[in-house]
Amino acid sequence: MNRAVATGSIALTLASALTLTACGGSGGAGVAADAKQTLTVWAMGTEGEKLGDVAKEYEKSHSNIKVKITPIGWDVAHQKLVAAAAAGKLPDVMQMGGSYLGEFADMGVLEPVDTKTFREGDFFPAAWQQGSYDGKTYGVPWYVDTRVLFYRTDLATKAGIKKAPATMAELQSAAEAYQKKADTKWGLSIQPGGLDTVQSFYQFLYSAGGAVIDDNGKAVVNSDAAVKALENYGSYFDKGLSEKSVRPGYDVTKDFNSGAVPMFFGGPWITNLLDENYPDIKGKWAVAPVPADEASVSMAGGSSLAVSADSDHKAAAKELVSYLTGAKGQVDWFERTNDLPANTAAWKTGDLATDPTMQVWRKQMDTARATPSQPKLTEITSKVDTAIESVTQGKSSAKAALDKAQSEIEGLVQ
């Protein structure tokens, strides 16, 4: 998911000012699931564009239901959700990114998930965590996202690299070898600064045993493990292994194709981009788990499906969400979009069970970690973005940058 630019604090202030009245459910029985009715659904980005075809299939087996899909761009999704929440006009079902589910749950505009119907054990742990806030679950995991290491195998041979780097020490050694022996411009592409730099840093942070916020909701971004991770991250820029200045809209796949960049951390959608846009390097690259520090841990992303607390169609909405998040629906969605299933049972059939590349993603999701939901999570992570950039640009030590971020984040955590 690409996070909307509007910050959680702005949204929360606006929502408070407009005095939202939705506080944990309408309380009424609402319309029965088997009654004739229309369900309104908001979905974002590519998912919004492709969900309409699934809705048509759903309507064939649910003749009483009309599903009205409204596709929304990620760049305006947060703003539209805030405005709809303030006006009491949220759709029956909505796609929720992990970076702001906690914000809307805190407003009281999301219906708690029926945990008898939707069981935590059916989903990847990190995916379930992203849909939870303050002890309750408000979103059912729809699809997951994580990062793994993409690397050029042909250039690795030239550089004398015999296998994918398995540790953080091996990762930096490989970056150096690519530059010195395979004549690549860079060793590893990681983000030097700007919005969502933290997503590039998570692989280093989590693998070192660090976190931004711990499972108890406490800010811990200046822990010894976090400082160690940022020192490691910053060393790539100090040694000229990673580029200090990346233009807006930078597409790493172009440099991966040319050989200027031999390694980067990427999401599952990258596979299709490489196959479709750069067929000449097919068979010349591979994916591998995030190299381990204390462990191999990547970030968890993706989206959940949430139901409006004010919806009069909760029963039918729950049935639709169950269809989309069940194992069969998840396999179908993967085949349509390549979004990774959040339901672990979906990984037991077809390519998801047998393809070696898919198993790398599966293995990484088992240990993937999500930052606990917070109403001001977007603002919190922006402080980490700033800290990282100050280190990559040589303006601060990792300890000083993270101490500053810690002091700022402590006042934002709820």
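What share of the contacts in the protein with a separation of 6 or more is accounted for by residues 24 or more positions apart? In this predicted model, such residues account for 78% of those contacts. The protein contains 17 helices and eleven strands, and its radius of gyration of 22 Å is close to the 22 Å that the globule rule gives for 414 residues, so the protein is as compact as a globular protein of that length. Along the principal axes, the C-alpha trace extends over about 70 × 50 × 35 Å.

Of the 414 residues, 56% are buried, while the area that the protein exposes amounts to about 17,400 Å², with carbon and sulfur atoms supplying 49% of it. The protein carries 41 positive and 49 negative charges, and the mean positions of these two sets are 3 Å apart.

At the level of a single residue, Arg152 may be considered. Arg152 belongs to strand S7, which covers residues 148-152, and its relative accessible area is 6%; because this value is under 20%, Arg152 counts as buried. The side chain of Arg152 reaches the backbone oxygen of Phe256 at a distance of 2.6 Å. When residues up to four places away in sequence are not counted, Arg152 touches Phe256 together with Asn257, Ser258, Gly259 and Pro262, and it also touches Tyr178, Ile281, Lys284 and Trp285.

Note on methods: Residues are numbered from 1 along each chain as its sequence is written. This is a predicted model: local features need pLDDT of at least 70, side-chain atom pairs count only at pLDDT 80 or more; totals for chains, interfaces and linings use all residues. Side-chain values use heavy atoms; hydrogens and water are left out. Helices (H or I, at least four residues) and strands (E, at least two) are DSSP runs, numbered from the N terminus. Buried means under 20% relative accessible area, exposed over 50%, partly exposed in between (1.4 Å probe, protein chains only). A polar contact is a pair of N or O atoms within 3.5 Å; within protein, one must be able to donate a hydrogen and the other to accept it, and residues adjacent in sequence count only if both atoms are side-chain atoms. Contact means heavy atoms within 4.5 Å. The radius of gyration is taken over C-alpha atoms; the globule rule is 2.2 Å times the number of residues to the power 0.38. Accessible areas come from the Shrake-Rupley method with a 1.4 Å probe; for residues, only the protein chains shown count as cover. Lys and Arg count as positive and Asp and Glu as negative; His and the chain ends are not counted. The place of a charge is taken as NZ of Lys, CZ of Arg, CG of Asp or CD of Glu.
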